[in-house]
Amino acid sequence: MAAQLLSGGASISCGGLSISSSRTTKWALPSNNFKGFNSFLGNIDDGGACSLSVNRAKGFLPYPVIRQRNHHVFSRFNSHLSSDCGVQSTDLEDTSALHQDSGGGGGLNELNGTVPSQINLSEPSKQTCKPKDVRRELIMLSLPAIGGQVIEPMVQLMETAYIGHLGSVDLASAGISISLFNIVSKLFNIPLLSVATSFVAEDISKNASRVSTPGEKMQLPSVSTALLLAIGIGIFEAAALSLGSGPLLSLMGISPASSMCVPAQRFLMLRALGAPAFVVSLALQGIFRGFKDTKTPVFCLGFGNFTAILLFPFFMNYCQLGVNGAAISTVVSQYLVSLSMIWNLNKRVELLPPNLGDLNFGSYLKSGGFLIGRTLAVLVTFTLGTSMAARQGPVAMAAHQICLQVWLAVSLLTDALASSAQALIASYISKEDYKTVKDITWFVLKFGVLTGVALALIIGFSFSSLAPLFTKDLEVLKLVTSGVLFVSASQPINALAFIVDGLHYGVSDFPYAAVSMMVVGAISSASLLFAPKLFGLAGVWYGLTLFMALRMVAGLMRLSQRNGPWWFLHSDV
């Protein structure tokens, strides 16, 4: 009979007796205050009344349940409430309450002295909830992520500085090779990083309850799938870069008769050896972001890249390998980063699932397929810019390489904020907590604008004094100084462009991100084909700035749509 009373769907447990329905709302009452379920239902007494009810079409009970008032009934009730809101319920339409009869005397006014006698499950924040401090969580995730984003570009800047002192031809040839390496290696691993962050965050939310002991490793198919894909993609990219180095350089406008051809081809073949490690390390960074762990990648990246800094002078100067020594140093550091990350990840997760059938390659390929098109549009645009700069000669190419490395290194500071927002949004979206996602979105957009303006001012005043650190060639320095407007003025645009990308990844809006980027890339590429012929190297920088501006506009347009995945930004949730 008692089960029939629970028509609204709930769960009541008293000692060894438990009555539940298919709903998720739970009430747990300690056994030391009850003697059987009948003592909970109680007997009508003139001392007062207390009832359980749910405000919806089907009542929780068809009539009030009366029990004699007892001040110790709920002595342990708080221990069953959730850490955030005091009561757990995933059905927002349930409104369950404990009502105390006001006419029964003023005895029981609180449950256990702290919880009010009327608890509304649909509005827990008004009773016992503390608001989620998502802004603090976002900042605490972003600070280590900034370190991770800065480390590698800063080391690349140091590599550029070391090579720049060898001469403009060496710097130009290395710049061409690095651009080609980025094209091939990032074509697949950037989508893999972005998809892994969202999938792992969702997988953790779904499987967190399955871990019974604190030290037990989690079994997450999304992690194993990302690692296996990264290894396969890395091997493929290494082969493509090594075997196709000559044709790839020809596509970049480097003819076999060019003074840049031989050193660029040798540099590219050496860097190709590090492609598997580089792809795996980026996939691992995405996995750790899914865990909301941005500290571990920082330590691993710091360890590997600090080693590269020590190896640059050793291989380049002591071993007299010149520009090839820089490539070898980078490859060694890439493997150190990957191995250290795998070692740390193995402490948390089973790297391979017991059943290979659990691997979800289909989900990765579907979402990653969209992002491959998007990444291809980005890489083609930047490669076209590099190619047009190379056609201007070694001096212009060397100046372009310096400006591009500074531009990317500084811009990626805001990408750390975007990646942290992506991890948080993916986690809260899987819980359908749209209000928190809305707060994160508005905060990160405002913070991004302020960060972009601050970076623009800092670079604008300091760039001319920083340029001599990369080269002593006066002709190169003259062109580099003229690029200060491109590097500094575009920072607010870059900041918003990176941030809206992270927001769209957080809600898994991969199709729009891909299609919009293809359109933006096509328009910008057309500009890059014609502007350098009229304005020289300045035309290249104009085309790249246009690319980032259109990218920002496309992202903001998606946020403004009321019928898209961001509908909750325009409504009260």
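Mentor: A nonpolar core is a set of buried Ala, Val, Leu, Ile, Met, Phe, Trp, Tyr and Cys residues joined through side-chain atoms within 4.5 Å. Buried means under 20% relative accessible area, exposed over 50%, and partly exposed in between, with a 1.4 Å probe and protein chains only. The model is predicted, so local features need pLDDT of at least 70 and side-chain atom pairs pLDDT 80 or more, while totals for chains, interfaces and linings use all residues. Residues are numbered from 1 along each chain as its sequence is written, and side-chain values use heavy atoms, without hydrogens and water.

Trainee: Which residues have the most contacts inside the largest nonpolar core?

Mentor: They are Val-223, Ile-287, Phe-291, Leu-345, Tyr-364, Leu-503 and Trp-566. The core holds 135 residues.

Trainee: What does Phe-291 touch, not counting residues up to four places away in sequence?

Mentor: Contact means heavy atoms within 4.5 Å. On that rule Phe-291 touches Val-200, Ile-204, Met-218, Leu-220, Val-223, Leu-345, Arg-348 and Val-349. Val-223 and Leu-345 also appear among the core residues with the most contacts.

Trainee: How many helices and strands are in the chain?

Mentor: There are 18 helices and seven strands. Both are DSSP runs numbered from the N terminus: helices are H or I with at least four residues, strands E with at least two. Of the 573 residues, 53% count as buried. Among contacts with a separation of 6 or more, 79% join residues 24 or more positions apart.

Trainee: Why is Gly-325 called buried?

Mentor: Gly-325 has a relative accessible area of 0%, so it is buried. Its place is in helix α10, residues 323-345. Leaving aside neighbours within four places in sequence, Gly-325 is in contact with Phe-315 and Met-316. The C-alpha atoms of Gly-325 and Phe-315 are separated by 4.6 Å, although the two are 10 residues apart along the chain.

Trainee: What makes Ser-387 buried or exposed?

Mentor: Ser-387 is at 5% relative accessibility, so it counts as buried. This serine lies in helix α11. Beyond four places in sequence, Ser-387 touches Leu-251, Met-252 and Gly-253.

Trainee: Why does Leu-359 count as buried?

Mentor: Its relative accessibility is 13%, so Leu-359 counts as buried. Leu-359 lies in the loop between α10 and α11. Its C-alpha atom and that of Pro-221 are separated by 5.2 Å, with their positions 138 residues apart along the chain.

Trainee: How many disulfides does the structure hold?

Mentor: Zero. A disulfide is a pair of cysteine sulfur atoms within 2.5 Å. Cys-261 counts as buried at 11% relative accessibility. Cys-403 is buried at 0%.

Trainee: What sets the phi of Lys-292 and Ser-508 apart?

Mentor: Most residues other than glycine have a negative phi. Lys-292 has a positive phi of about 60 degrees although it is not a glycine. Ser-508 also has a positive phi of about 60 degrees.

Trainee: Where are Lys-292 and Ser-508 found?

Mentor: Lys-292 is in the loop between α8 and α9 (295-318). Its relative accessible area is 28%, so Lys-292 is partly exposed. Ser-508 is in the loop between α16 and α17 (510-535). At 27%, Ser-508 is partly exposed.

Trainee: Why is a space called a cavity or a pocket?

Mentor: On a 1 Å grid over the protein atoms alone, a cavity is a set of points where a 1.4 Å probe fits but cannot get out; a pocket is an open set with protein on both sides within 12 Å along at least five of seven lines. Lining residues have an atom within 4 Å of a point. Grid points are joined across faces, edges and corners, and a volume is the space filled by probe spheres set on the points. By this rule the count is seven cavities of 30 Å³ or more. The largest cavity has about 1000 Å³ of space. Its lining has 41 residues, with Lys-186, Ile-190, Leu-412, Asp-415 and Phe-498 closest to the centre.

Trainee: Which helix gives the most to the lining of the largest cavity?

Mentor: α12, with 11 residues. Helices that each supply at least two residues include α3 (134-164), α4 (168-207) and α12 (394-430).

Trainee: How do the residues of that cavity's lining divide?

Mentor: Into 19 nonpolar, 15 polar and seven charged. Ala, Val, Leu, Ile, Met, Phe, Trp, Tyr, Cys and Pro count as nonpolar, Asp, Glu, Lys and Arg as charged, and the others, Gly among them, as polar.

Trainee: What lines the second largest pocket?

Mentor: Its lining has 16 residues, with Met-154, Leu-157, Val-406, Val-410 and Leu-466 nearest the centre. They divide into 15 nonpolar, one polar and no charged. α3, α12 and α13 (434-466) each supply at least two. The pocket has about 340 Å³ of space.
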